[in-house]
Structure formats: C-alpha cells, structure tokens
Amino acid sequence: ALPGAFIKSKLIKQGVPAKKLLVVGDLQASNRPQLAKELVYKILGINDLAKKIVLLISFRPNWLIPSEEKKAFVAWVRHSVNTDPNLILVIKPHPTERRHRVLAELLRWGVKGVIVSDNRQLELVDLLNAAEVVVQTWSFTLFEAVQLNKPVISVNPFNKNYQFFLPPLKTGAAIEVTSKQQLVEMLNRCLVDQNFLHKHLPRAKAAIANFVRPHDGQAVQRVLKLLV
C-alpha cells in the first residue's frame with residue numbers, strides 16, 4: 001500500500017511486481033483538524049487572534065542538516081518574522097525532539113520571543129490549520145501543509161541541494177529561498193498577495209501529486225479492501 005506513483009515506479013524498477021503495488025494515497029491526510037483556531041491560539045498562549053502564525057518545522061540536527069545549519073535557519077526566520085509586528089513565530093518540534101531541548105537550543109543561540117509548541121498538546125494538523133505560512137528546510141510536512149492549502153517556504157541558508165532529499169521541491173511544491181532578503185520578501189507575498197497564492201497553491205498541489213495521491217477521502221477504504 002503506497003502513498004503515490006513515485007514510490008511505485010521506484011519499486012517496480014527494483015523488481016517488485018506491479019500487481020503487488022497499490023497506490024492508496026496518504027493515510028495521514030484522513031487526519032483532519034480537530035481544534036478550532038481559537039483553541040489552538042489559547043493552548044499556545046497567544047491572546048491576540050489578529051496575530052498571524054508562521055509555523056517553523058523543527059528537526060533534530062544530524063549529519064544531513066547539522067546544528068550550524070539549523071541555527072542559521074531559525075535565525076533567518078526569526079529575523080524575517082520580526083519585520084512584521086502582526087506575525088508570531090511558532091516552532092513545532094520534530095516527533096523525535098523534546099520541547100525542552102528545543103527551548104534549550106534557542107536559549108543557547110540567543111533567540112527570543114518564540115513560542116515552542118508541545119507535541120503532547122497539539123497535533124501537527126491543528127497547528128497547520130491555524131498557521132498562515134509554513135517554513136522548513138526540507139521536511140515531509142510539505143505534503144500535509146500543501147494539502148491543507150498552506151504555502152510552504154523552504155529556507156536554504158547554505159544553498160544546499162535540498163531537492164536531492166525532497167524531489168517535489170524541483171517542481172514548485174515549496175518556495176525556496178537562499179537569502180534573508182528573499183525570505184522577508186516571500187513571507188510578505190505569501191501573507192498579503194492573494195494573486196500569488198492563487199497561482200502558487202495549485203502549482204504546489206500539482207507538484208506533490210506524483211508523490212502523494214490527491215486526497216479524496218478513500219485512502220483508508222483502499223487499504224481495507226487490500227487487506228480483505
């Protein structure tokens with residue numbers, strides 16, 4: 001049972017019979033937002049509903065994206081959010097990260113005025129639903145965000161080949177930026193330029209369609225049919 005045609009084609013090339021492979025879609029897409037935006041804000045401790053959330057997808061540093069790169073990524077986003085008093089930065093820890101460790105990183109880097117969510121309190125889908133824009137390096141959160149009509153900005157401080165790790169970036173699933181100025185400009189466009197979003201979001205959905213079958217609410221039923 002596969003999420004999309006891309007992985008099916010790869011497995012066929014490796015010798016797996018096509019008849020044994022069924023593209024069912026993304027089961028995670030069936031997990032729809034459960035909490036109203038107002039409740040998400042309350043849990044995060046945001047009292048002003050007029051504030052717009054920029055959601056930063058965190059990760060645990062590794063050899064692919066070391067701590068130095070994460071530090072630059074967070075600093076760029078914090079700088080960009082600071083240019084608009086109507087924005088607030090919320091960091092979503094990776095499932096393998098603890099909230100207190102992310103807070104310790106921010107303290108060590110001197111990054112202030114940031115909210116770090118708690119994975120035990122808020123699901124990713126509810127955070128995405130409450131956010132206006134998602135910022136990441138490269139992350140599979142891209143698929144969930146695009147399916148919820150959220151623009152994604154891929155922040156690439158060291159101009160690395162993120163497309164190698166996440167192929168949909170090649171075809172426009174996210175907006176890649178490689179400078180602070182670009183990030184400020186693209187963040188502003190995503191927030192205020194509706195014409196830009198009307199063009200970008202359909203392009204982003206088309207870019208992920210080969211990797212994740214467009215959600216039609218039938219993914220679970222396909223898996224059940226396969227099992228039966």
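How many bridges join β4 to strand β5 (residues 152–155), and do these strands run parallel or antiparallel? In this predicted model, β4 and β5 are joined by three bridges and run parallel. Within this pair, Q136 has S154 of β5 as its bridge partner.

The pairing of β4 with β5 belongs to an open sheet of six strands, arranged in the order β3-β2-β1-β4-β5-β6 with parallel pairing. The edges of the sheet are formed by β3 and by β6 (175–177), each of which pairs on one side only. In general, the strands of a sheet pair through backbone hydrogen bonds, in either a parallel or an antiparallel manner.

Strand β1 (residues 52–57) is flanked in the sheet order by β2 and β4. Towards strand β2 (residues 87–92), β1 forms six bridges, and the two strands run parallel. Here L56 is positioned opposite I91 of β2. The connection from β1 to β2 passes through α3, and the resulting β-α-β crossover is right-handed. Towards strand β4 (residues 133–136), β1 forms three bridges, again in a parallel arrangement; L55 stands opposite V134 in this pairing. Because five of its six residues are buried, β1 is largely enclosed by the rest of the structure.

Strand β2 is likewise largely enclosed by the rest of the structure, since six of its six residues are buried. The side of β2 to which L87, L89 and I91 point is opposite to that of I88, V90 and K92, and all of these residues, the lysine included, are buried. Besides its pairing with β1, β2 is joined by two bridges to strand β3 (residues 115–116), with which β2 runs parallel. I91, which stands opposite L56 of β1, has V116 as its bridge partner in β3. A right-handed β-α-β unit is made by β2, α4 and β3.

The helices of the two right-handed connections, α3 and α4, also meet each other. The axes of helix α3 (residues 67–82) and helix α4 (residues 99–109) come within 11 Å and cross at roughly 80 degrees. With angles of 65 to 115 degrees counted as roughly perpendicular, α3 is therefore roughly perpendicular to α4. The contact involves S67, K70, K71 and V74 on the α3 side, and E105, L106 and W109 on the α4 side. Classified by residue type, this contact of α3 with α4 comprises three nonpolar, one polar and three charged residues.

The loop between β1 and α3 contains I65. This residue has a relative accessibility of 4% and therefore counts as buried, the threshold being under 20%. When neighbours within four places in sequence are set aside, the contacts of I65 are with F59, T137, W138 and K160. Of these partners, K160 is 95 residues away from I65 in sequence, while the C-alpha atoms of the two residues are 9.8 Å apart in space.

Methods:
Residues are numbered from 1 along each chain as its sequence is written. This is a predicted model: local features need pLDDT of at least 70, side-chain atom pairs count only at pLDDT 80 or more; totals for chains, interfaces and linings use all residues. Side-chain values use heavy atoms; hydrogens and water are left out. Axes are lines fitted to C-alpha atoms, for helices over the stretch in contact, and angles run from 0 to 180 degrees between N-to-C directions. Helices (H or I, at least four residues) and strands (E, at least two) are DSSP runs, numbered from the N terminus. Angles under 35 degrees count as roughly parallel, over 145 as roughly antiparallel, 65 to 115 as roughly perpendicular and the rest as oblique. Contact means heavy atoms within 4.5 Å. Ala, Val, Leu, Ile, Met, Phe, Trp, Tyr, Cys and Pro count as nonpolar, Asp, Glu, Lys and Arg as charged, and the others, Gly among them, as polar. Buried means under 20% relative accessible area, exposed over 50%, partly exposed in between (1.4 Å probe, protein chains only). Two strands pair if DSSP finds at least two bridges between them. A crossover is right-handed if, with the strands pointing away from the viewer, the path from the first strand over the helix to the second runs clockwise.
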